[in-house]
Amino acid sequence: MPEKGMIKATDLFERVVHWMLAGSCILLFITGLGMMFRELNFIGSFMGGLVGLKYVHNFTGIIFIVSLILATRMWWREAGRFEFPDDLEWIKQAGGYLWHVDHVAEAGKYNAGQKMFFLTVVGCGALMGVTGLIMWFPMGLPMGLVRWMYPLHAFGFVVLFAFFFVHLYLGTIGSPGSLPAMLNGWVTRAWAKTQHPKWLKEMEAAGKLEVYGEENKEAVSH
Amino acid sequence: MMSASEVIKLIDTTRCTACRGCQVACKQWNELPGLRTKNRGSYQNPPDLGWNTWTLIRFQEHVNEKGTFKWLFRKDGCMHCTDAGCVKVCPSGALYHTEYGTVGIKKNLCIGCKECIAACPFEIPRYNSRTDKITKCDLCLTRLQANQQPACVKSCPTGALSIGPKDKMIAAAYDRVKVLGGDANVYGDKFLGGTHVLYVLSEKPEVYDKLPKNPSIPLSVTVWKDWLKPLSWIAGGGVIAGSLLHYILHGPKRPYPEADQGDHAERGE
């Protein structure tokens, strides 16, 4: 539960869309792996056989596409565009994650690493949606086109699967205090000041910051 | 006739009269319905392979460079490759290599994903939307297992079709080509690890409709199955190992303690 003085980082809609995207993505990973590796065919036995698994995969894909569209619309303004020179500086320092940096470039609502992650998810997610739909309905399309949908789908998987674990690590034990932003939406002021100092300052300056236990009529949501 | 070792079906196109007995025998043995077609001005009927047509005589009018007219007949169907693209991509193991080296199909395992359609250099597997499954020639596997010839071979009245042990059939094909001379050639033993269906062609391969000159497993299948598939778990595993290493060596990024203190000071707590 949030304590007095905590800061609202995300609204309910953001968190619902995030978990729709995450849930569908994980289910797609599991079912996709069940088809990609014959050793993992047994995953289908929980879904009425491999045919059932195929349909779970295909229809979960629809949920994923819808979630991706919502997420892109919702986060594009904050996470889809780089701001120079701060973001470039952050990238040069690798955000202070890989070696010691005395003063990490100040990040806004999303730092450059999060923006790169977001853009990769949008790009590869769109690739997965388009190639997946063509793989689902290939009849009547030119063979030369259909043939390349499979390796492109596999390429998207390679990237998203690797990024998924980066995201999982940095959203939990790799950056303590981050997880609550996607659970109840409340983070500590120290966490916000460390991770997103520019955002904190801007919100406070605009009087839009929502602090637990304090009234704020200016607070905005998506 | 057949023991459990590799077999080859030889199609000698120079002996084929296009009676289409093999087409009928295939439908009869495999209980495949004949569907109504339209007269297109060709004896080639139905016009293409389909879920209900696993073998087909292709009729082709050909005039060579000397101006000689030839009516070419080619029995089209699964080539039963050793390096079979369809077996390589099949996610469920429905397509598999039998004890005869041929490519069999376990209907109950097929999930109708259509991946084999795009992996076959000969465009053989066909999709039946009513059953949501793939169909293709299995070289009458159950007949082979019962020491019988495939239905098409059994029906052939001219000796254009024959089946036997691999080495013997390859030798027979080359003997026949030597007798024929000219452009006659053996098609099937030099690619895809050697196919289990072999042609004796009277013309160069590129003359024939729908017959790739030098077929191979599509590059897309190699990129997908040989490169990206192993890369997926290497990349995933690498990131997990890297994250653990980061946690141990560098440590997580915690909120700065001074941020907390500064905060309290600012807020007068």
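Select B:Cys116 in this predicted model. Leaving out residues up to four places away in sequence, B:Cys116 touches B:Cys86, B:Val89, B:Cys90, B:Leu95, B:Pro125 and B:Ile134. Show those six neighbours as sticks.

**The main core**

Now widen the selection to the largest nonpolar core, which has 79 residues. B:Cys86, B:Cys116 and B:Leu198 touch the most other members. Which helix gives the largest share of this core? Pick helix H5 of chain A, residues 143-171: the largest share, 11 residues, comes from there. Colour chain B by domain next. Domain 1 (7-215) and domain 2 (221-266) of chain B both give residues to this core, so the core lies between them.

Apart from this core lies another one, of 12 residues. To find that second core, select A:Ala181, A:Ala192, A:Leu200 and A:Leu209, which are among its members.

**The domains of chain B**

Stay with the two domain colours. Chain B is divided into domain 1, residues 7-215, and domain 2, residues 221-266. Place a centre on each, using C-alpha atoms: the two centres are 52 Å apart.

**A helix pair across the chains**

Show H5(A) together with helix H7 of chain B, residues 219-249. Their axes lie 9 Å apart and the packing angle is about 0°. Angles under 35 degrees count as roughly parallel, so H5(A) is roughly parallel to H7(B). Colour the residues of this contact by class. There are 19 nonpolar, 4 polar and 2 charged residues in the contact of H5(A) with H7(B).

**The whole interface**

Extend the view to everything that joins the chains. On the chain B side, 33 residues are in contact with 37 residues of chain A. Which elements of chain B give two or more residues to this side? Select helix H3 (115-119), H7 and helix H8 (257-266) of chain B. H7(B) provides the largest share of the side that touches chain A, with 14 residues. By class, that side of chain B holds 18 nonpolar, 8 polar and 7 charged residues.

**Chain A as a whole**

Hide chain B and switch to cartoon. Chain A has 8 helices and 2 strands. Trace the chain from its start: the pattern reads β-α-α-α-α-α-α-β-α-α. Draw a box along the principal axes; the C-alpha atoms of chain A fill roughly 60 × 35 × 30 Å. Of the 222 residues in chain A, 33% are buried. Finish with a contact map. Among contacts in chain A with a separation of 6 or more, 63% join residues 24 or more positions apart.

Notes: Residues are numbered from 1 along each chain as its sequence is written. Chains are lettered from A and ligands numbered from 1 in the order in which they are written. This is a predicted model: local features need pLDDT of at least 70, side-chain atom pairs count only at pLDDT 80 or more; totals for chains, interfaces and linings use all residues. Domain bounds come from an automatic or database domain assignment. A nonpolar core is a set of buried Ala, Val, Leu, Ile, Met, Phe, Trp, Tyr and Cys residues joined through C-beta atoms within 7 Å. A residue is buried if 20 or more other C-beta atoms lie within 10 Å of its own, exposed if 12 or fewer, and partly exposed in between; C-beta atoms are placed from the backbone. Helices (H or I, at least four residues) and strands (E, at least two) are DSSP runs, numbered from the N terminus. Two residues are in contact if their C-beta atoms, placed from the backbone, lie within 7 Å. Axes are lines fitted to C-alpha atoms, for helices over the stretch in contact, and angles run from 0 to 180 degrees between N-to-C directions. Angles under 35 degrees count as roughly parallel, over 145 as roughly antiparallel, 65 to 115 as roughly perpendicular and the rest as oblique. Ala, Val, Leu, Ile, Met, Phe, Trp, Tyr, Cys and Pro count as nonpolar, Asp, Glu, Lys and Arg as charged, and the others, Gly among them, as polar.
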